[in-house]
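I open my notebook on a new structure today. I will go through it one look-up at a time.

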Amino acid sequence: MKASQKTHFSGVPQRSRPHTRSGFTLVEMLIVLVIIAILAGILLPVLARAREGGRTAACSSNLKQLGIAFAQYAQDAGGRYPGAGNFQRWKPGNGHWVAGIDIDSASDAGAPVSKLAKLTAPFAATGKAAEIEKGALFPYTKNAEVYMCPSNEDAETKRLSYSMNCGVSGLHSVRLREPAVTVLLVDEYRTSDAYFWAVDMGTSTDALTQDHNGGGNLLFADGHVKFFNYSSFPLDDGKDIETGTPTEGLLNKSWYPGKTGAAVRPATTPRFHDRAFGPQGSTFPYPFADTAG
C-alpha cells in the first residue's frame with residue numbers, strides 16, 4: 001500500500017466539544033414583546049380601515065341597486081317617486097318605499113305609527129323591523145339585503161339602514177331641476193327610520209352616518225352614489241345646545257340655490273330641496289295617508 005493511501009488512525013478517542021444553547025434573557029423577551037405591540041398598534045388600525053373600506057363599497061353597491069329600483073318604480077308610476085314614510089307612518093299598501101309593522105296605539109305625533117326609532121331623545125332603535133317586502137320598491141329589488149348597510153349596528157334588527165329624502169316624497173321626477181345634486185337616499189346614522197327629515201324648521205334628529213371611516217354615502221336622484229366625510233359635509237341634528245343657532249348640518253339639509261337669507265354654497269353642493277319644491281319641500285301637504293287604504 002502506498003504511503004499516500006494509508007489511513008492514519010489514532011487510538012485515542014476524540015472528545016466532542018459540548019454544545020451550549022443560550023435562551024432569551026428577560027430583557028430580550030421584553031424587547032420582542034414591545035416590538036410586537038408596536039407592530040400590532042400600527043397594523044390593526046390599517047386593517048380595520050381596510051375592512052371598513054370594503055363595507056363602504058358594499059354599502060355603495062346597495063344604494064346603486066336601490067337607485068335603479070327607484071328609477072324603475074318612477075317609470076311605472078307615471079314619473080312619480082314613492083312615499084318616504086312621513087314620521088315613520090307607513091303601512092303596507094300606501095305606496096311608501098318601505099312598509100312598517102307592529103302599529104302602536106299612540107305615537108309621539110298622536111297617530112298610529114310603526115316606529116323603528118324613537119321620535120324623542122335619545123332617538124334609539126325600538127327593536128321593531130320594517131317589512132321591506134311589502135314596500136313599493138321591493139318588486140324592483142327582490143333582495144332585502146340591499147336595504148341594510150353592513151356597518152350599521154341596528155341593521156339586522158330594523159332590516160333597514162337608509163332613509164329617503166322627505167323633499168322627494170311623492171314628487172314627480174320632472175320637478176327635479178338638478179338630479180345630479182339632489183339627494184334621494186341617505187346612509188343614515190344608526191337610528192335611521194326610512195325618512196330623512198330635512199327642512200328649515202326646529203331641529204332634525206336625522207344625521208349622516210360616520211361609521212364608514214368618519215363618513216357615509218349619499219344616493220342622488222340621477223342614480224350615482226358618492227361618499228362624504230362628515231367633517232367636510234355634516235348633516236346633523238339641528239341647533240347648537242348652548243347658543244340655539246342652527247348648526248352647519250341643519251343648514252346643509254335646508255339649503256338650495258336662491259334660498260332667501262341662506263349662505264352661498266357652491267352649485268355642486270348636495271341639496272335636499274329645490275325652489276321648484278316650494279318653501280318646505282314636497283311634504284306640505286303630505287301626499288300620502290298615514291294609514292292603509
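**Entry 1: one arginine to start**

Is R159 buried, partly exposed or exposed? I looked up its relative accessibility and found 23%. Buried means under 20% and exposed means over 50%, so R159 counts as partly exposed. I also note that this is a predicted model.

Next I asked which side chain R159 meets in a salt bridge. The partner is E133, with N to O at 2.7 Å. The two residues are 26 apart, and the pair links distant parts of the chain. R159 sits in the loop between α3 (155-158) and β1. E133 sits in the loop between α1 and α2 (138-141). I checked E133 too: at 40% relative accessibility, E133 counts as partly exposed.

**Entry 2: the other salt bridges**

How many salt bridges does the structure hold? I found 4. I looked at two more of them.

E178 forms a salt bridge with R271. Their closest N and O atoms are 2.5 Å apart. This pair also links distant parts of the chain, 93 residues apart. E178 is in the loop between β1 and β2, and R271 is in the segment after α4. The accessibilities come next. E178 is at 35%, so E178 counts as partly exposed. R271 is at 0%, so R271 is buried.

E248 forms a salt bridge with R265, with the closest N and O atoms 3.0 Å apart. E248 is in helix α4, while R265 is in the segment after α4. They are 17 residues apart, and again the pair links distant parts of the chain. E248 has a relative accessible area of 42% and is partly exposed. R265 has 14% and is buried.

**Entry 3: another residue after α4**

I stayed in the segment after α4 (248-254), where H273 lies. Is H273 buried or exposed? The relative accessible area is 4%, so H273 is buried. I then took the distance from H273 to K259. They are 14 residues apart in sequence and 9.9 Å apart in space, C-alpha to C-alpha.

**Entry 4: the whole chain**

I stepped back to count elements. The chain has 4 helices and 5 strands. From the N terminus on, the order is α-α-α-β-β-β-β-β-α.

How much of the chain is buried? Buried residues make up 44% of the 293 residues. The chain exposes about 15,700 Å². Carbon and sulfur atoms supply 57% of that area.

I also looked at contacts with a separation of 6 or more. Residues 24 or more positions apart account for 62% of them.

**Entry 5: the nonpolar cores**

Which residues have the most contacts inside the largest nonpolar core? They are W97, Y147 and L185, in a core of 37 residues. The elements that give two or more residues to this core are α1, β1 (162-165) and β2 (183-187). The largest share comes from α1, with 6 residues.

I listed what Y147 touches, leaving out residues up to four places away in sequence. W97 is on the list, and so is R159 from my first entry. The others are L66, V98, I132, L137, F138, T141, L160, S161 and Y162.

There is a second, separate core of 13 residues. It includes V186, F196, F233 and L235.

A general point goes in the margin: in soluble globular proteins, nonpolar side chains tend to be buried together.

**Entry 6: nonpolar side chains at the surface**

Which residues make the nonpolar surface patch of about 740 Å²? I wrote down V27, I31, V34, I35, I38, L39, I42 and L43. I picked V34 for a closer look. V34 is in helix α1 (residues 26-76). With a relative accessible area of 48%, V34 is partly exposed, because exposed starts over 50%.

**Entry 7: how far to trust the model**

I checked pLDDT last. The chain averages 79, and 75% of the residues score at least 70. Where does pLDDT stay under 50? One such stretch is residues 280-287, for which the model has 25 contacts beyond four places in sequence. Another is residues 289-293, with 11 such contacts. Where pLDDT is low, the predicted coordinates should not be read in detail.

Technical notes
Residues are numbered from 1 along each chain as its sequence is written. This is a predicted model: local features need pLDDT of at least 70, side-chain atom pairs count only at pLDDT 80 or more; totals for chains, interfaces and linings use all residues. Side-chain values use heavy atoms; hydrogens and water are left out. Patches are made of residues with over 30% relative accessible area and no salt bridge: like charges are joined within 9 Å, nonpolar side chains (Val, Leu, Ile, Met, Phe, Trp, Tyr) within 5 Å. Accessible areas come from the Shrake-Rupley method with a 1.4 Å probe; for residues, only the protein chains shown count as cover. Buried means under 20% relative accessible area, exposed over 50%, partly exposed in between (1.4 Å probe, protein chains only). A nonpolar core is a set of buried Ala, Val, Leu, Ile, Met, Phe, Trp, Tyr and Cys residues joined through side-chain atoms within 4.5 Å. Contact means heavy atoms within 4.5 Å. pLDDT is the predictor's confidence in each residue, from 0 to 100.
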